[in-house]
Amino acid sequence: MRTAAHDLVEALATATRWSVQALTLLMLAALAIQVLMRSVFNAPPSWSEELALLAVSWTALLALAYGVREGIHVRMDMLLDPLPQGLRRWVERLVLVGIGCIGLYLAVSGWHYTESAVGTTSAAIGYPMPLLYAGVVVCGALTMVFAVERLLRGLPAGTEARTAERSAGRAPS
């Protein structure tokens, strides 16, 4: 059953995926310009490295949160595989609660750090430094939302969620 909350989380996931793709392209373009300008014209632009750093930071943080949503994060299945199915399900829930708590920690700590950077700007481009640090806040918030979604939908923390959804006749979201 689709709810407004599910549709909202689905929209967040889609926006996150598109953002990761767009930021990756931006980063690659900035780096390509930097290499071209340095190698061919011996005059690298001052802004390209900062732009690439901003894009890679946001890309990594958003991809982390999206990985939680898709259940593709790094995990140690060798610890879960020997467990009986019922216990394994509880451990999976505990893992998701831990992931959600880490997301909360990132959001709160990132907020404090972002606040402390208000008024500072990057050296070459001059963008506000809180723009760089806000990625941690967004990552933490999305990580929490996606972990809670997996908990409420009864999905395991890992990739076998896709297999479980397919075998139950549901289309993966």
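1. Start with the charged cluster: a network of salt bridges ties together E10, R69, E70, E149 and R153. Keep in mind as you look that this is a predicted model. Across the structure, the salt-bridge count comes to six, and a few of those are worth picking out one by one.

2. R69 is a good place to zoom in. One of its partners is E10, with the closest N and O atoms 2.8 Å apart. That bridge joins distant parts of the chain, since R69 belongs to helix 2 and E10 to helix 1 (residues 4-41), with their positions 59 residues apart. Are R69 and E10 buried or exposed? Both are buried.

3. R69 also has a partner right beside it in the numbering: the side chains of R69 and E70 meet in a salt bridge, at 3.3 Å from N to O. E70 is buried, just as R69 is. So if you click on R69, look for both E10 and E70, each of them a member of the network mentioned at the top.

4. Away from R69, have a look at R88 and E92. Their salt bridge has its closest N and O atoms 3.9 Å apart, which still falls within the 4 Å cut-off. The two residues sit four apart in helix 4 (residues 85-116), so about one helical turn separates them. Here, too, both residues are buried.

5. Now for the helix packing. How do helix 2 (residues 48-70) and helix 5 (residues 129-153) pack? Their axes lie 7 Å apart, at an angle of about 10°. Angles under 35 degrees count as roughly parallel, and helix 2 and helix 5 are therefore roughly parallel to each other. As for what lines the contact between these two helices, its residues divide into 18 nonpolar, three polar and five charged.

6. Last, the aromatic rings. The count here is one aromatic pair. It is made by Y113 and Y133, whose ring centres are 4.7 Å apart; the planes stand at 70°, so the pair is edge-to-face. Like the R69 and E10 bridge, which links distant parts of the chain, this pair does so too: Y113 comes from helix 4 and Y133 from helix 5, 20 residues apart. What about the surroundings of Y113: how accessible is Y113? Its relative accessibility is 48%, so Y113 counts as partly exposed.

How values were computed: Residues numbered from 1 in each chain as written. Predicted model: local features only at pLDDT ≥ 70, side-chain atom pairs only at ≥ 80, totals over all residues. Heavy atoms only, no water. Axes fitted to C-alpha atoms, helices over the stretch in contact; angles between N-to-C directions. Parallel < 35°, antiparallel > 145°, perpendicular 65-115°, else oblique. Nonpolar A, V, L, I, M, F, W, Y, C, P; charged D, E, K, R; others polar. Buried < 20%, exposed > 50% of the residue type's maximum accessible area, 1.4 Å probe, protein only. Phe/Tyr/Trp six-rings, centres within 6.5 Å; stacked < 30°, edge-to-face > 60°.
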